[in-house]
Amino acid sequence: MKPELRHLRYLLAVAEHANFTRAAEELRIAQPTLSQQVKQLERALGVQLLDRTGRTVRLTDAGAAYVHYARRALRDLAAGERAVVDVQDLSRGHLRLAVTPTFTAYLIGPLVAGFYDRHPGITLDVREMTQDRLEADLLDDRLDLGFAFSATHLPGIESTPMFTETLSLVVGPHHPRAGQTGPLPVAELRERHLALLSGDFATRRHIDEHFAVHHVQPRIAVEANSINALTEIVTRTPLATVLPDAITRDHAHLTPVPLTPPLPSRTVTLLRRESTYQSAATHAFVQQATQWVHTHGFTLD
């Protein structure tokens, strides 16, 4: 007997849950049936894939090696199914897109709006997540594209630089520097009260590293895990914040104040999985995103 696709799916479910009962519930089959099917796979391969002697079920060395290729086979099969239904004229289709959090405030809105205007038949699945999870989901074929920052990416991730993001101190109309665009020495922030993004954001860690290098420890009066909340707070109080310059372009009441030395810029990249099928919808989105970046004055240093 040759292994069949159901055998691969059953084995992966047991490996993920480390338990036959929970795997059977997820698969909606009887537990004895699941156990029998996995044993059929082991007999077909002539090796033991699962160690059933402990309180939890775990993969044997042979099982771990086989699961690696089973996951790859199912990913490739899913990509093939998408290739079959892909419509080159973009009258229908599906695109799975993810961004790291700060991009929801200025990038994803106009890109999705422009794409929907051109291709209303394409269904978009847009998610916000951390960069680590984004890259893992790309590798597991749960995403087609992702926007994140240039870094040491996971093996198998292809990165295309898009533009350079710069950050500045941002003040509202009630701040003493409202309307002033001259640079501010970063050392002067030692005694200032700030409202900053929470530590959940990579941007906050980027800011903290810059302050630490220059021995600056401002008073953090407010932390927020929402950029919209942060811009509202800065607009209505004398607190300042630090945000990407692109965010302040759409807020007439906010003024970016460059710091000296400036915060290090970051390269925004478009990520995808290497050596995978790229649908017509994926190609169209990449083309539109590249065009939008150039026409709206974003540059790559």
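1. Let's start with P183, which sits in the loop between strand 7 (167-171) and strand 8 (184-185). Please keep in mind throughout that this is a predicted model. P183 counts as exposed, because its relative accessibility is 52% and the cut-off for exposed is over 50%. Leaving aside neighbours within four places in sequence, P183 is in contact with R177, P258 and T260. The last of these partners is a good one to look up: P183 and T260 are 77 residues apart in sequence, yet 6.4 Å apart in space, C-alpha to C-alpha.

2. From T260 you can step straight to another feature. T260 and P261 are joined by a cis peptide bond, with omega at about -10°. P261 belongs to the loop between strand 13 (259-260) and strand 14 (266-273). So which residue links the first two points? T260 does, as a contact of P183 and as a partner in the cis bond to P261.

3. Now for the helices at the start of the chain. Helix 2 (residues 20-27) packs with helix 3 (residues 31-45) at an angle of about 105°, and their axes are 9 Å apart. Helix 2 is therefore roughly perpendicular to helix 3, as angles of 65 to 115 degrees count that way. On the helix 2 side the contact is made by F20, T21, A23, A24 and L27, and on the helix 3 side by Q31, L34, S35 and V38. The residues of this contact divide into six nonpolar, three polar and no charged.

4. The loop between helix 2 and helix 3 holds R28. Is R28 buried or exposed? R28 is exposed, with a relative accessibility of 79%. Do check its backbone too: phi of R28 is near 60°, a positive value in a residue other than glycine.

5. A second residue with this kind of backbone is H215, whose phi is positive at about 55° although H215 is not a glycine. You will find H215 in the loop between helix 7 (202-213) and strand 10 (219-224). H215 has a relative accessible area of 66%, so it counts as exposed.

6. Helix 3 also has a crossing with helix 1 (residues 5-17): the two axes come within 9 Å and cross at roughly 115°. Helix 1 and helix 3 are therefore roughly perpendicular to each other, and the crossing is left-handed. R6, H7, Y10, L11 and V14 of helix 1 meet L34, Q37, V38, Q40 and L41 of helix 3. By type, the residues of this contact are six nonpolar, three polar and one charged. Among the helix 3 residues, L34 and V38 meet helix 1, and L34 and V38 also take part in the contact with helix 2.

7. Farther along the chain, helix 5 (residues 108-118) crosses helix 10 (residues 280-295) at roughly 125°, with the axes coming within 10 Å. This pair is therefore oblique, and helix 5 passes helix 10 in a right-handed crossing. P110, L111, G114, F115 and R118 are the helix 5 residues here, and they meet A281, A284, F285, Q288, A289, Q291 and W292 of helix 10. The residues of the contact divide into eight nonpolar, three polar and one charged.

8. W292 leads us to the aromatic rings. The model has six aromatic pairs. In one of them, F103 and Y106 have ring centres 6.1 Å apart and planes at 70°, so this pair is edge-to-face. F103 and Y106 are both buried. Which residues make up the cluster linked by ring pairs? They are F103, Y106, F149, F163, W292 and F298. W292 thus has a place in the cluster and in the contact of helix 5 with helix 10.

9. T100 lies in the loop between strand 3 (93-99) and helix 5. T100 is buried, as its relative accessible area is 5% and buried means under 20%. Apart from neighbours within four places in sequence, T100 is in contact with E128, M129, T130, Q131, L134, F147, A148 and F149. One of these, F149, is a member of the aromatic cluster.

10. A last stop is L139 in helix 6 (residues 131-139). L139 and R272 are 133 residues apart in sequence and 8.3 Å apart in space, C-alpha to C-alpha. Setting aside neighbours within four places in sequence, the contacts of L139 are R75, L154, P155, G156, I157 and R273.

Definitions and conventions. Residues are numbered from 1 along each chain as its sequence is written. This is a predicted model: local features need pLDDT of at least 70, side-chain atom pairs count only at pLDDT 80 or more; totals for chains, interfaces and linings use all residues. Side-chain values use heavy atoms; hydrogens and water are left out. Axes are lines fitted to C-alpha atoms, for helices over the stretch in contact, and angles run from 0 to 180 degrees between N-to-C directions. Helices (H or I, at least four residues) and strands (E, at least two) are DSSP runs, numbered from the N terminus. Angles under 35 degrees count as roughly parallel, over 145 as roughly antiparallel, 65 to 115 as roughly perpendicular and the rest as oblique. A crossing is left-handed if the near helix is turned anticlockwise from the far one by less than a right angle, and right-handed if clockwise. Contact means heavy atoms within 4.5 Å. Ala, Val, Leu, Ile, Met, Phe, Trp, Tyr, Cys and Pro count as nonpolar, Asp, Glu, Lys and Arg as charged, and the others, Gly among them, as polar. Rings of Phe, Tyr and Trp (its six-membered ring) pair if their centres lie within 6.5 Å; planes under 30 degrees apart count as stacked, over 60 as edge-to-face and the rest as tilted. Buried means under 20% relative accessible area, exposed over 50%, partly exposed in between (1.4 Å probe, protein chains only).
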